[in-house]
Amino acid sequence: NDESMNFLYNYLLGNHYYNLDEFDKAEMHYKSSLDYSNIELHQINGKCALINLYVREKDFPSANKVLNSINVEDLSYQSKSKVEAVKSRVEYISK
C-alpha cells in the first residue's frame with residue numbers, strides 16, 4: 001500500500017530489464033512506476049528513464065512526447081537540471 005515502495009519496485013524492475021536489453025518489459029515497468037509516484041523527484045526519475053529508453057531505441061517521437069509532458073517551470077532546481085540534461089541529450093542525438 002506504500003506508493004513510494006511500489007514506485008521503487010517498478011522503477012528498479014525497469015532498470016533491470018533495461019540492462020538486459022528487454023525494452024518492452026523495461027518500458028512497462030517504467031510506465032507503471034509513474035502510476036505510483038506522487039513525489040516530484042520520483043516522477044522525473046521515471047520519466048527520464050523512459051526517455052533514455054526511447055532514445056536508446058531511437059524512438060525520438062516518444063522521447064519528445066514524454067519530454068513535452070514535463071512542465072519544467074514548476075520543478076525544483078534539481079529536477080529542472082536533470083530534465084534539461086536529458087532534453088539536451090535527446091536534441092543532440094536526434095540530429
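Me: Before we look at helix α2, what counts as a helix here?
Reply: Happy to start there. Helices are DSSP runs of H or I with at least four residues, numbered from the N terminus. This structure is a predicted model, and Glu27 and Lys31 both lie in one such run, helix α2.

Me: How many residues apart are Glu27 and Lys31 in helix α2?
Reply: The two side chains meet in a salt bridge, 3.3 Å from N to O. Their spacing is about one turn of the helix, which is 4 residues.

Me: Is Glu27 buried or exposed?
Reply: Buried means under 20% relative accessible area. Its partner Lys31 has 39% and is partly exposed. Glu27 has 18% relative accessibility, so Glu27 counts as buried.

Me: How many salt bridges are there by this rule?
Reply: The rule asks for a side-chain nitrogen of Lys or Arg within 4 Å of a carboxyl oxygen of Asp or Glu. Lys25 and Glu22 satisfy the rule at 3.3 Å, and Asp21 and Arg56 do too at 2.6 Å. With Glu27 and Lys31 included, the count comes to 3.

Me: Which parts of the chain does the pair Asp21 and Arg56 link?
Reply: The closest N and O atoms of this pair are 2.6 Å apart. The two residues are 35 residues apart in the chain. Asp21 sits in the loop between α1 (3-19) and α2 (23-36), while Arg56 belongs to helix α3 (residues 40-56).

Me: What is the relative accessibility of Glu22?
Reply: Glu22 shares a salt bridge with Lys25, and Lys25 is partly exposed at 39%. Glu22 also counts as partly exposed, with a relative accessibility of 31%.

Conventions. Residues numbered from 1 in each chain as written. Predicted model: local features only at pLDDT ≥ 70, side-chain atom pairs only at ≥ 80, totals over all residues. Heavy atoms only, no water. Buried < 20%, exposed > 50% of the residue type's maximum accessible area, 1.4 Å probe, protein only.
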